[in-house]
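Welcome to this guided tour. Open your viewer, get your selection tool ready, and follow along stop by stop.

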Amino acid sequence: MAELAAAQEAVHHAHTSNKRIAFLVSAIVACLAAVIAFTTTRSITKPLVALHKGTEIIGSGKLDYQVATDAKDEIGQLSRAFDRMTRDLEKTTASRNELNKEITERKQAEEALVSHARQQAEVAEFGQFALAGNSVDDLFDRAVFVISRTLGTKYAKVLEHRPEQGVLF
């Protein structure tokens with residue numbers, strides 16, 4: 001009976017030791033799994049966070065910002081594609097800005113040419129009026145009318161300065 005009790009004690013001790021070893025191995029495996037999961041998650045989320053930050057910065061108008069991750073995976077490819085897209089957008093925006101500037105300059109030049117042509121037409125019309133043999137008073141009236149129309153004013157008047165009398169007429 002003593003042998004049976006010793007055998008039972010040995011089996012119980014072996015069973016308890018096996019439980020402890022199994023628990024210890026399970027704990028080590030769980031810790032390793034947690035470390036691997038954390039490392040894997042971080043390696044995925046860190047580039048995604050950088051890419052998100054880049055989209056926010058670029059979205060605010062800073063088109064020279066580069067995300068540029070060194071990752072060789074799909075996220076790295078995505079970040080490099082995003083950088084290429086941003087460079088292309090910056091070039092397109094710069095081209096558009098230059099084009100808008102040129103359009104504005106050309107519109108201003110066109111307006112100046114139209115205004116100059118209108119003034120020349122007015123002068124030519126006035127010259128024709130003068131050559132038609134109209135009186136000086138009619139000429140002054142016509143000059144006032146042409147000047148008023150050219151300048152876009154409602155009222156205009158030609159004044160005569162008479163220094164000997166010290167007055168304007």
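Is Glu-102 buried, partly exposed or exposed? Glu-102 is partly exposed, with a relative accessible area of 36%. On this scale, buried means under 20% relative accessible area, exposed means over 50%, and partly exposed lies in between, using a 1.4 Å probe and protein chains only.

Before the next selection, a word on what is on screen. This is a predicted model, in which local features need pLDDT of at least 70 and side-chain atom pairs count only at pLDDT 80 or more, while totals for chains, interfaces and linings use all residues. Residues are numbered from 1 along each chain as its sequence is written, and side-chain values use heavy atoms, with hydrogens and water left out.

**Stop 1: a pair in helix 2**

Keep Glu-102 selected and add Arg-106. The two form a salt bridge, with their closest N and O atoms 2.8 Å apart. The term salt bridge stands for a side-chain nitrogen of Lys or Arg within 4 Å of a carboxyl oxygen of Asp or Glu. Both residues lie in helix 2, four residues apart, which is about one turn of the helix. Helices here are DSSP runs (H or I, at least four residues), numbered from the N terminus. Arg-106 counts as exposed, at 57% relative accessibility.

**Stop 2: helix 1**

Now select residues 2–59, which make up helix 1. Its 58 residues should span 86 Å at 1.5 Å a residue, and its end C-alpha atoms are 83 Å apart, which agrees. The expected span is 1.5 Å times one less than the number of residues. Color Pro-47, Leu-51, Gly-54 and Ile-58, which are buried in helix 1. Helix 2 is among what covers the buried residues of helix 1. Just beyond, look for Gly-61, which follows helix 1 and has a positive phi near 110 degrees.

**Stop 3: a buried charge**

Which side chain of opposite charge is nearest to Asp-83? That is Arg-87, 5.3 Å away, and Asp-83 is buried yet has no salt bridge. For charges, Lys and Arg count as positive and Asp and Glu as negative, with His and the chain ends not counted. Asp-83 is placed in helix 2. Leaving aside residues up to four places away in sequence, Asp-83 touches Gln-66, Val-67 and Ala-68; contact means heavy atoms within 4.5 Å.

**Stop 4: helix 3 and its links**

Select residues 136–151, helix 3, which has 16 residues and reaches 22 Å from its first C-alpha to its last, close to the 22 Å expected. Buried residues of helix 3 include Leu-139, Arg-142 and Val-146, and its buried residues pack against helix 2 (74–131). Gly-152, just after helix 3, takes a positive phi of about 75 degrees.

Next, show the side chains of Glu-122 and Arg-149, which meet in a salt bridge (2.5 Å, N to O). Glu-122 lies in helix 2 and Arg-149 in helix 3, so the pair ties together parts that are 27 residues apart in sequence. Glu-122 is buried, at 10% relative accessible area, whereas Arg-149 is partly exposed at 38%.

Add Arg-142 and Glu-125, whose side chains also meet in a salt bridge (2.1 Å, N to O). This pair links Arg-142 in helix 3 with Glu-125 in helix 2, 17 residues apart. With all four side chains displayed, you can see that Glu-122, Glu-125, Arg-142 and Arg-149 are linked in a network of salt bridges.

Notes
Helices (H or I, at least four residues) and strands (E, at least two) are DSSP runs, numbered from the N terminus.
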